[in-house]
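Student: I should like to learn how to read the interface and pockets of a protein model. Could we take them in turn?

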Amino acid sequence: MSSYPARAVVDLAAIRSNVRSLAAHAPTAQVMAVVKADAYGHGLVPSAIAAVAGGAAWLGAAQVPEALALRAAGVVGPRVLTWLYAPGAPLREAIEADVDLSVATRWALDEVVAAARAAGRTARIHLKVDTGLGRNGLNATDYAALLPDALRAEAEGAVRLVGVWSHLAFADEPGHAVVRDQAVAFAAAVQLAEDAGARLEVRHLANSAATLTNPSIHYDLVRPGLAVYGLSPVPQLGGPDDFGLVPAMTLEAPLVNVKAWPAGGGMSYAHQYVTDRDTVLGVVPVGYADGVPRHASGTQAAPGGPLLVGGRLLGVAGRVCMDQVVVDLGPGATDRAGDPVVLFGTGADGGPTAEDWARAAGTISYEIVTRIGPRVPRVHVDSNPEGEEQQ
Ligand SMILES: Cc1ncc(COP(=O)(O)O)c(C=O)c1O
C-alpha cells in the first residue's frame, strides 16, 4: 500500500459491467475499448484486462508505446489498434507485436510498408478518413488517391487492409447535421474501398456517444472510451445510470489538518474565500499537481469543486493549491485528521461525481479523470470478484 495520501480507487467490476452494457447497446458490433491515455487515467493494463473480461474483442491505443505496453504486459488476446504516431515511430515493433496500425497520411502508408518489409510480416492497416472532423485522417481526395496504393501493397503482401474508419465531430449532439453528413461521407468511403476490391473486416465510426445514441452508425465495431469508465458522454441527455453505466474511479484523500478558524479569516492563497463565522477549517492533501483543476477554486458566493466529508456535500474553499485544497467544515464540525474526503466517485451515495467536477471547472469529465496526476496511486479493486454481473 502506497503511503501517498490521495488515491484513485478503480473498480474493475465497473469496467467489466460497463463494457457489457456497451455491447448490449451495440449488439451487431464488436467492442473496441479505448484505453489510450493510461485508460483515461484508470491504469492501462488492469483496465484493459477488465475490459476484455467484459467482452471487448479490441483495444484502442492512441500511441504506439501504449499499444506495445499492452502486448508487453501479456495482453495478447484482443486485437489492438493504434492511430497517432509521428514519422520515425517504431512501426516495425508494432507489427511484430501484432498491433493494427491506422494509416492517415501518405507518409504513414510508406513507413508502414517499409516497416512490414523489414519485419518480414504483413501489417494490418485501417485507413482513416477525415469525413468532416477536421483533424487527423485523409481528406476525400487523398483517400481516393491512396486507396489503390494500399491495395497494391496488399497484393504484394506488405499490408492487409482490414479496416476503414473515421471519427465524429459532434457525436455528443446526436441530432447535429454534421453527424449526418459524416455518416454519409463515411458510407461513401467504405463503398469506394469495397468497389476497389477491399475485403474489409471492420468499418468503424462510433465513439461512446454514438454507441449509446446512434445505432445506425455502429457498423462492425464501436470504439467507446469514456463510457467504458462509466461516465456519460452526453450528460445533457442522461447520467451513467440512464445508460447502464457505473463510474469506475473514486478519488479520495484523508483530512490532514482540522483546526478552528475565526470569522473574517481567509482561506488559502489570496483569501478568495473568507469565512463570515467562526468555523472549522480542513486541509485535504490533493491539489492541481494531482489533477484537481484550479478552475474549480471556490469563493463564498460560488463554492468550488464538491467534496464529500462525513456524509456532507461541501465545496473547495478558496484557491486550489498545487498539493492541497481547503474545505470549510462548518461551525462545530467534529471531523478529525484521517477522516476520508471523497472528491468524486459513483455518485450512488449522493456524493460528487467527475461530471460535477467538470461542471465546477468548466470542462468535461474526460479531462477530470485523465488528468489525475501520475503521483496519485491507482488502487485497483474488484467489487464483484466472482464476476456475478455476468448473469
Ligand atoms: C479516434 C477515437 N476513437 C474513439 C475515441 C473514444 O471516444 P469517447 O471517449 O468519446 O468514447 C476517441 C477518443 O477521443 C478517439 O480519439
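Student: How many salt bridges does the rule find across the interface of domain 1 and domain 2?

Tutor: A salt bridge is a side-chain nitrogen of Lys or Arg within 4 Å of a carboxyl oxygen of Asp or Glu. Here the rule finds zero across the interface of domain 1 and domain 2. This is a predicted model, in which local features need pLDDT of at least 70 and side-chain atom pairs count only at pLDDT 80 or more, while totals for chains, interfaces and linings use all residues. Residues are numbered from 1 along each chain as its sequence is written, and side-chain values use heavy atoms, with hydrogens and water left out.

Student: What area do domain 1 and domain 2 bury between them?

Tutor: Buried area is the accessible area (1.4 Å probe) that two parts lose on being put together, summed over both. For domain 1 and domain 2 the value is about 840 Å², with 63% of it on carbon and sulfur atoms. In domain 1, Tyr40, His42 and Leu226 lose the most area to domain 2, together 53% of what that side buries.

Student: Which residues lie nearest the centre of the largest pocket?

Tutor: A pocket is an open set of points on a 1 Å grid over the protein atoms alone, where a 1.4 Å probe fits, with protein on both sides within 12 Å along at least five of seven lines; lining residues have an atom within 4 Å of a point. Tyr40, His167, Asn207, Ile364 and Tyr366 lie nearest the centre, among 32 lining residues. The lining draws at least three residues from each of domain 1 (12–229) and domain 2 (249–381), bounds that come from an automatic or database domain assignment.
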